[in-house]
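Let's take a friendly walk through a protein model together. Look over the structure below, then read on.

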Amino acid sequence: PPPPPPRPPPDGPFKLYAGGFDPLHTEWQVRQLLQAVGPLQSFAVMPDEVGKSTGHAFFEYVDPRLTAIAEQAITGIVLLQKRLVCKRAMPDAEPEVPGSGALATYRVPLAALPLLEAPSCTLAVYNAVVDEHDAVAAAEVEAAVAREGAAAAKWDPASVSSRRGHADGRITLAFAEGGGGWSGVRGSALEAAVRCAINFNGRAFEGRQLWVRYAPTEGVEAQVYGGLLGPGAAVAV
């Protein structure tokens, strides 16, 4: 008989989240892709209210050293025209105490939420410029973010424009076509923006954590990510 499927993943620092799967992907298909990185210790696909897949999975590898490798290897994979996102679900969590009987809760990590949006060539970078910055300091931060964003995207800095001017202090980065030849990386401006978003979102910057979104629409950009989770986003299994 086939081996039993991995048990649902408990809380802990090596618990991973993967999202962006189409609901048409079966649990077996999702598990096969994740197992391409290494054997799974635990695994669960989150169902909706009628038991169908939501496209969100939580898992843990037998070898915890694969956690960081999976984040890099899985994030950005395109399946059925959707990009996958893989992030640690609970990077600061303490390992579950065996026999405690506590129910694990599952929530899409904040660092993954923006990456689940439809990509565009324009990014909004939050939390780089803060209230304490005067005009000179804000301009220096903007220049640093544009420079580091181009490096993260492997794109010619001359093909990345930046601007400020919003009340929330966000910095907008726009990627233009033709910047790949600078680094020898082929591809479109959209692919460059995706690389930047993947590498920038959640990055530490001057002691703060950066948040990146794809071209937010007016009236949406100022929302707090915690509010985007909404009621019922945490599911006990």
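How much area does the protein expose, and what share of it do carbon and sulfur atoms supply? The protein exposes about 12300 Å², and 57% of that comes from carbon and sulfur atoms; accessible areas here follow the Shrake-Rupley method with a 1.4 Å probe, and for residues only the protein chains shown count as cover.

This is a predicted model, in which local features need pLDDT of at least 70 and side-chain atom pairs count only at pLDDT 80 or more, while totals for chains, interfaces and linings use all residues. Residues are numbered from 1 along each chain as its sequence is written, and side-chain values use heavy atoms, leaving out hydrogens and water.

Now for the interior. Of the 237 residues, 42% count as buried, meaning under 20% relative accessible area (1.4 Å probe, protein chains only). Here are two buried cysteines.

| Residue | Relative accessible area |
|---|---|
| Cys 86 | 0% |
| Cys 196 | 0% |

A disulfide is a covalent bond between the sulfur atoms of two cysteines. Searching the whole structure for disulfides (pairs of cysteine sulfur atoms within 2.5 Å) gives 0.

What about the fold? The protein has 5 helices and 14 strands, which are DSSP runs: H or I of at least four residues for helices, E of at least two for strands, numbered from the N terminus. Among contacts (heavy atoms within 4.5 Å) between residues at least 6 apart in sequence, 68% join residues at least 24 apart.

Definitions and conventions. Buried < 20%, exposed > 50% of the residue type's maximum accessible area, 1.4 Å probe, protein only.
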